[in-house]
Every structure is written in C-alpha cells, then in structure tokens.
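Please work through the exercises below with the sequence and the model side by side, and try each task before reading its solution.

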Amino acid sequence: MKRLQPTEYMYASARIRALENRLIGRERMTLLMEARSSDEVMDRLAEFGLSPAETDGEMAALPVGEVQSRAREGMLLAVLREAYQEVETSVPDPLVFRYFRYPYDCNNIKAAIKCAIRGISAEDLLFDFGTVPADEVEKLLREGKYDRFPAAMAAAIPEAKEAFDKTADPRRIDMVLDRACYAAMMADATASGEETLLGWLKAKIDLTNILMTLRILRMNMGAVGASFLEESLLPGGTLDQAFFEMTYGEGEDALWDALRPTAYAKLAAVEGDPRPLSAVEKAADDLYVELVRKDAKTPFGAPVVGGYLVGCETSVKNIRIVLAAKDAELDSAVIRERIRVSYV
C-alpha cells in the first residue's frame, strides 16, 4: 500500500464534496421525521433521489409487507454499495479504504457459519459489498478456501468453528471473528499511514468496548462475566484491557467515573439512573460521527473520503430508524430521541 500525500486526493475530495450533497442530512432528515407515515417517508425519499429497489418474480408469492420491506432495504443497501464504488473509482489507491469493507466480510462469514450449522442458506443475510462477493462466501467456506478473506479473519474461521463446537454457543463465533475483523482493520489502517483514519478506528474500538463492558455489567454475571469480557474486548483502542477489567471489577459507577476524564466523557453525561442503554448507544454513535465530521473539515485528503463513507452509513442508519418508527406509529418526538447526529 502506497502512502499518499493529501494533495493526491484533490480530485477525489472534489468528487466526494459533490456527492455529499446527495446525503440525507439534518434538514432532509427533519422532513422525514415530520412525515405522517412510512409511505410518506418513502415519497419524500423519492424526491431526494432514493427509490425502492425493484423486486423480482421470486418475491411475488411473499406477503405485500415483506416485499415492501425488502424493496426498502434494497434501496438502502444500494446507497452503501454505490458509496464504496464511488470511492474506489475516485481515489489514487483504493487499498487505503479497503478495510472499511471488512465489517461486511465479518458479518457474511458469521452468517454463513451459523446458517451452515442450522442447515439453511445464508443468502438473505449477506451484504454484497464486502471484499469477497456475497454469492461466493458460502461456497468458499464449504470448500475451506479461507484465503480469499482478509488474512486475520481467514485465520480466525477455524478457531470460530472450534469455539462453537466446544460450547454450542453462537456468541463464541461472534467474539472470535469480531476480534479478527478489527485486528485486520487495524493492520490496514496502520499500513496506510493515515493517522487521522487510524484515530477514528481506535475511537470506534474504544466505544465498542465501552458498550460491551456496560452490557456485560448489567447481565450480573460475576466472575463468569469477567472472563467473558476478557475474551470479548477488541484490541487496538486507546483504552487498554486493564481499564475495562478494573471498571468491571468495581461496577458500573466506576465505569462512568473512569470515562469522565477521557475523550468519551459524553457517555458519562447521559442522564438516568440507570442510564438507558439506548441513550448511551446513541451518545456513542453521535460522538463518533462528530469526531469524523470535525476531522473531515479539510480541503482535501483521506479524511474527506473516509468521512463520506461514515456519513453514508450514518444516513442509512437514520433512514432505517425513521421507517421503523413510522411503521410502529411512534411520535415524532420519540423519533428525534433516537436519530443519530447527521454527518452533513
């Protein structure tokens, strides 16, 4: 991977700035939240240039609601697919941003392994914008051709299968492969020499570990939870394993106290006793997007490109939240509490 200068991203940055105008940002998201129904949300999305994906003949026998749901999801996945394609065709070296796709590879591997155990197809659970084409994933796993996947994940596949065989616990598959996924991302982010993007990844790891620690604390698992946490923590963040082991041992209040002097104090500022997990998760997502948005405010460079990918994923997540809330006939005020901060 060649280390690039910011000036080598001048064309890509100009291209990305133009594409940012198509994102569903703060103003458009407000219009979506004010819609009276999910159908009206879809009408407004069509005005913004997003339309449901076309359905094929195989879906004709499905209930109308299922067809509609798949068409919506197809639309949102197309947004992400096109974003990655735009980036790869715009930047001097697509390998710099390749690791942004690794979580989709990880999802696909986990889904394929779990479905194979159950004897069913994983086709409907796979994303088609990982580094390995979705329609090849199950075949590669059946044939043991793991080397097509990022190296750290390829090495972890036998370990994940063995962990499940020993425990019959599907969470072990997730734990092994999630750690491998972030190890692969960290290796590539470090090799790229893009310190800003590496900082984003470290923050993502920290936030994931914080939320993981909180969830395990609330499960009241005692010593078993401590062991489970040790196996689950992702490597590579700025908060080391000792930080989480100490706070787990002392309880949830110790976690909030330990976070206050860090860059993640916003999570400790969430109100409630106990703090609602959904609110803490939203605060974590918001903090991450705000970090990325701040760093991407540069005329040109890798942060402009990486920020666009984060912005697309945030936009898609927010649209999903609005559609689900409208289907459930939730009040607009409730939706506003759930919506993540917009990238644009």
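The exercises that follow concern a predicted model, and each task is followed by a solution in steps.

**Exercise 1. A threonine in a loop**

Task: Determine where Thr 131 lies, whether Thr 131 counts as buried or exposed, and which side chain makes a polar contact with the side chain of Thr 131.

Solution: Begin with the position, which is the loop between helix H5 (102-118) and helix H6 (134-143). Next take the relative accessibility of Thr 131, which is 17%, and compare this value with the cut-off: buried means under 20%, so Thr 131 counts as buried. Then look for the polar partner, and you will find that the side chains of Thr 131 and Asp 105 are joined by a polar contact of 2.5 Å. Finally, set aside the neighbours within four places in sequence; the residues in contact with Thr 131 are then Arg 98, Arg 101, Tyr 102, Asp 105 and Pro 150.

**Exercise 2. The largest pocket**

Task: Describe the largest pocket by its volume, by the residues closest to its centre, by the helices that supply its lining and by the division of the lining into nonpolar, polar and charged residues.

Solution: The volume of the largest pocket is about 1600 Å³. Its lining is made up of 44 residues, and those closest to the centre are Pro 103, Tyr 182, Lys 204, Thr 208 and Lys 317. Now assign the lining to helices: at least two residues each come from helix H4 (64-90), H5, helix H8 (170-192), helix H9 (195-218), helix H10 (222-232), helix H14 (277-295) and helix H15 (302-327). Of these contributions, the largest share is that of H9, which provides ten residues. The last step is to sort the lining by residue type, which gives 28 nonpolar, four polar and twelve charged residues.

**Exercise 3. Buried nonpolar positions**

Task: Find which residues have the most contacts inside the largest nonpolar core, and then characterise the surroundings of Leu 45, Cys 115 and Val 280.

Solution: The largest nonpolar core contains 119 residues, and Leu 45 and Phe 97 are those with the most contacts inside it. When residues up to four places away in sequence are not counted, Leu 45 touches Ile 24, Leu 32, Leu 50, Met 75 and Ile 319.

Turn next to Cys 115, which lies in helix H5 and is buried, because its relative accessible area is 4%. Outside the residues up to four places away in sequence, Cys 115 touches Ile 120, Ser 121, Ala 122 and Leu 125. As a check on distance, consider Phe 127, which is twelve residues from Cys 115 along the chain, with a separation of 15 Å between the two C-alpha atoms.

Val 280, in helix H14, has a relative accessibility of 0% and therefore counts as buried. With residues up to four places away in sequence again left out, Val 280 touches Leu 211, Leu 214, Trp 256, Leu 267, Val 270 and Arg 275.

**Exercise 4. Backbone features in loops**

Task: Locate the cis peptide bond that involves Pro 274, and examine the phi values of Asn 220 and Glu 329.

Solution: The cis peptide bond joins Asp 273 and Pro 274, with omega at about 5 degrees, and Pro 274 is found in the loop between helix H13 (265-268) and H14. Asn 220, although not a glycine, has a positive phi of about 50 degrees; this residue lies in the loop between H9 and H10 and is exposed, because its relative accessible area is 69%. Glu 329 is likewise not a glycine and has a positive phi, near 60 degrees. Its place is the loop between H15 and helix H16 (332-338), and a relative accessible area of 72% is why Glu 329 counts as exposed.

**Exercise 5. Two glutamates in helices**

Task: Decide whether Glu 231 and Glu 250 count as buried, partly exposed or exposed.

Solution: Glu 231 lies in helix H10 and has a relative accessibility of 35%, so Glu 231 counts as partly exposed. Beyond its neighbours within four places in sequence, Glu 231 is in contact with Arg 172, Met 175 and Arg 179. Glu 250, in helix H11 (residues 241-250), has a relative accessibility of 58%; exposed means over 50%, and Glu 250 therefore counts as exposed. To finish, locate Leu 217, which is 33 residues from Glu 250 in sequence and 10.0 Å away in space, C-alpha to C-alpha.

Definitions and conventions:
Residues are numbered from 1 along each chain as its sequence is written. This is a predicted model: local features need pLDDT of at least 70, side-chain atom pairs count only at pLDDT 80 or more; totals for chains, interfaces and linings use all residues. Side-chain values use heavy atoms; hydrogens and water are left out. Helices (H or I, at least four residues) and strands (E, at least two) are DSSP runs, numbered from the N terminus. Buried means under 20% relative accessible area, exposed over 50%, partly exposed in between (1.4 Å probe, protein chains only). A polar contact is a pair of N or O atoms within 3.5 Å; within protein, one must be able to donate a hydrogen and the other to accept it, and residues adjacent in sequence count only if both atoms are side-chain atoms. Contact means heavy atoms within 4.5 Å. On a 1 Å grid over the protein atoms alone, a cavity is a set of points where a 1.4 Å probe fits but cannot get out, and a pocket is an open set with protein on both sides within 12 Å along at least five of seven lines; lining residues have an atom within 4 Å of a point. Grid points are joined across faces, edges and corners, and a volume is the space filled by probe spheres set on the points. Ala, Val, Leu, Ile, Met, Phe, Trp, Tyr, Cys and Pro count as nonpolar, Asp, Glu, Lys and Arg as charged, and the others, Gly among them, as polar. A nonpolar core is a set of buried Ala, Val, Leu, Ile, Met, Phe, Trp, Tyr and Cys residues joined through side-chain atoms within 4.5 Å.
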